[in-house]
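Subject: The structure for you to look at

Hi,

Here is the structure I said I would pass on. Have a look at it, then read on for what turned up.

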Amino acid sequence: MSESRRYHVTTFGCQMNKADSERMAGILENMGMSWEEDPLAADVVLYNTCTIRDSAEQKVYSYLGKQAKRKRKNPNLTLVVAGCVAQQEGENLLRRVPELDLVMGPQHANQLESLLAQVDQGNQVVATEPVHIMEDITKPRRDSQVTAWVNVIYGCNERCTYCVVPGVRGVEQSRTPAAIRAEMVELGQQGYKEVTLLGQNIDAYGRDLPGITPEGRRENTLTDLLYFVHDVPGIERIRFATSHPRYFTERLVKACAELPKVCEHFHIPFQSGDNEVLKAMGRGYTHEKYRRIIDTVRRYVPDASISADAIAAFPGETDAQFQSTLKLMEDIVFDMVNTAAYSPRPGTPAAEWANQLNEATKQDRLQQLNHLVSQQAEVRSQRYLGRTETVLVEAVNPRDPAQVMGRTRGNRLTFFPGDISALKGQIVPVRITETRAFSLTGAVLEQAAIKERIGVSAC
Ligand code: SAH
Ligand code: SF4
Ligand code: F3S
């Protein structure tokens, strides 16, 4: 039945969801289906959803409304909701949108083919029970031919009081170093140049794997993994996200300073700059500890770019406590901070508390945060002016076909004049001539692409 059917996948949310979507698209292609750009023309439509905030969750319902209408006219249409809303809502989604064929949580992404087989037998299927995630045998259909996501740990064992992730992504499950390396070796052979290792709490990598070193240290930490995969041929850049301040180690920073392929970029969310708020969030660190981590990063890797996430107007946050967040940011000066106003989420403790702040306070604080974020991003961008940065070219600048775009090692988006057919996947030295808060413009220093190792780098 799947022969010649056309599928469409729309992805919401984080890098984990993007990686899952690529795996699910790979499964659909493997079943003989082909990509359809227009979701309203596809035979199989899959929404891979996010529920981190209410606004993210609501998005999918409006999309589903249109598809449900289509389905009533075309019973051959297969409608799938995957990802975190699927996990959170389960059967409720079928009640809300009875036209759905399949509701599947993130842990079931690998099982898409067998779940669709059940749908083909005429069933409405809900797959949300916790499972041990099996190693994938199908190949993802990756969006890029230059940079790739590689999952290293699924799930999260933390219990941040605002967060749905542990509820929807389940307990931590690390992939083995051998499986991760094998995936990277294959990516290198296929011509990929950059890999981002993914985990919601990537510092927890390996906690569930066996192994203690003769010195009594846990084997298979993220740091060990970086050393283990560092020499994979063809892969020139390695990134990782997201770091949790509670588990971040000096050993990891040293590894980044030592290993030339590991990019000088750290994404370490602080969420708040106030100890009382951090405690209420259940984050397990103080702002002093966070500051020490940044000091350590800057001691070993002085030019590192540092990004983070922050939440404005957590329940009970006073104005003085919010000022502490601004103060932390002023002291550190971040390259980039993802901000959000607190959003109460089903099944999380903080959503039940009586001390919720009103919408006006949320918006006011969020605006103040955002203002500071762009100011700081601009300041941090300016340090690149006149410098030569190595840029891994990914694509054409969508706003100017005469330019290509890529990222610096510090993860700044950079545009420069060039021909994509010659430059795609190349790492080129670019002299930066213009800076903006979140991007740079430059010109190639010399025509020939150089190996990044002999280029300019902070390590
Ligand atoms: N695992 C990462 C982040 C995962 S979620 C970490 O621990 O930092 C991505 C970001 O969404 C979080 O860092 C947080 O800033 C934001 N977020 C999560 N739940 C939220 C909520 N209920 N309201 C507002 N922002 C939230
Ligand atoms: Fe959510 Fe906290 Fe886990 Fe991050 S560490 S995913 S914020 S529970
Ligand atoms: Fe969203 Fe799920 Fe990621 S809730 S942020 S897609 S883990």
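Start with aspartate 335 and arginine 383, whose side chains are joined by a polar contact of 3.0 Å. Bear in mind that this is a predicted model. The side chain of aspartate 335 has another partner too: one of its polar atoms lies 2.8 Å from the backbone nitrogen of isoleucine 306.

Where is aspartate 335 found? Look in the loop between helix H12 (319–332) and strand E14 (336–341). Is aspartate 335 buried or exposed? Its relative accessibility is 2%, so it counts as buried, the cut-off for that being under 20%. If you leave out neighbours within four places in sequence, aspartate 335 is in contact with Ala304, Ser305, Ile306, Ala377, Arg380, Arg383, Tyr384 and Arg412. You can spot both polar partners in that list, Ile306 and Arg383.

For a contrast, click on glutamate 113, which sits in helix H5 (residues 112–120). Glutamate 113 has a relative accessibility of 40%, so it counts as partly exposed; that label covers the range between under 20% (buried) and over 50% (exposed). Not counting residues up to four places away in sequence, glutamate 113 touches Ile27 and Met31. To get a feel for distances, go from glutamate 113 to leucine 278: they are 165 residues apart in sequence, and their C-alpha atoms are 42 Å apart in space.

Next, some backbone oddities. Most residues other than glycine have a negative phi, and most peptide bonds are trans. Here are some places in this model to check against that:

- Alanine 241 and threonine 242 are joined by a cis peptide bond, with omega at about 5°. Threonine 242 belongs to the loop between strand E11 (237–241) and helix H9 (250–258).
- Asparagine 220 has a positive phi, near 60°, and is not a glycine. You will find asparagine 220 in the loop between strand E10 (194–198) and helix H8 (222–229). With a relative accessible area of 18%, asparagine 220 is buried.
- Glutamine 271 also has a positive phi, near 70°. Its place is the loop between strand E12 (265–267) and helix H10 (275–281). Glutamine 271 counts as buried because its relative accessibility is 7%.

Now zoom out to the whole protein. How many helices and strands are there? The secondary structure comes to 14 helices and 19 strands. Along the principal axes, the C-alpha atoms fill a box of roughly 60 × 55 × 55 Å. A compact globule of 459 residues would have a radius of gyration near 23 Å, and the protein has 23 Å, so the two agree.

Of those 459 residues, 54% are buried. The protein exposes about 19,500 Å², and carbon and sulfur atoms supply 51% of that area. Take the contacts between residues at least 6 apart in sequence: 72% of them join residues at least 24 apart.

Last, the charges. The protein has 54 positive and 57 negative ones, and the mean positions of the two sets are 1 Å apart.

If you want a place to begin, I'd go back to aspartate 335 and trace its contact with arginine 383.

Cheers

Technical notes. Residues are numbered from 1 along each chain as its sequence is written. Chains are lettered from A and ligands numbered from 1 in the order in which they are written. This is a predicted model: local features need pLDDT of at least 70, side-chain atom pairs count only at pLDDT 80 or more; totals for chains, interfaces and linings use all residues. Side-chain values use heavy atoms; hydrogens and water are left out. Helices (H or I, at least four residues) and strands (E, at least two) are DSSP runs, numbered from the N terminus. The radius of gyration is taken over C-alpha atoms; the globule rule is 2.2 Å times the number of residues to the power 0.38. Buried means under 20% relative accessible area, exposed over 50%, partly exposed in between (1.4 Å probe, protein chains only). Contact means heavy atoms within 4.5 Å. Accessible areas come from the Shrake-Rupley method with a 1.4 Å probe; for residues, only the protein chains shown count as cover. Lys and Arg count as positive and Asp and Glu as negative; His and the chain ends are not counted. The place of a charge is taken as NZ of Lys, CZ of Arg, CG of Asp or CD of Glu. A polar contact is a pair of N or O atoms within 3.5 Å; within protein, one must be able to donate a hydrogen and the other to accept it, and residues adjacent in sequence count only if both atoms are side-chain atoms.
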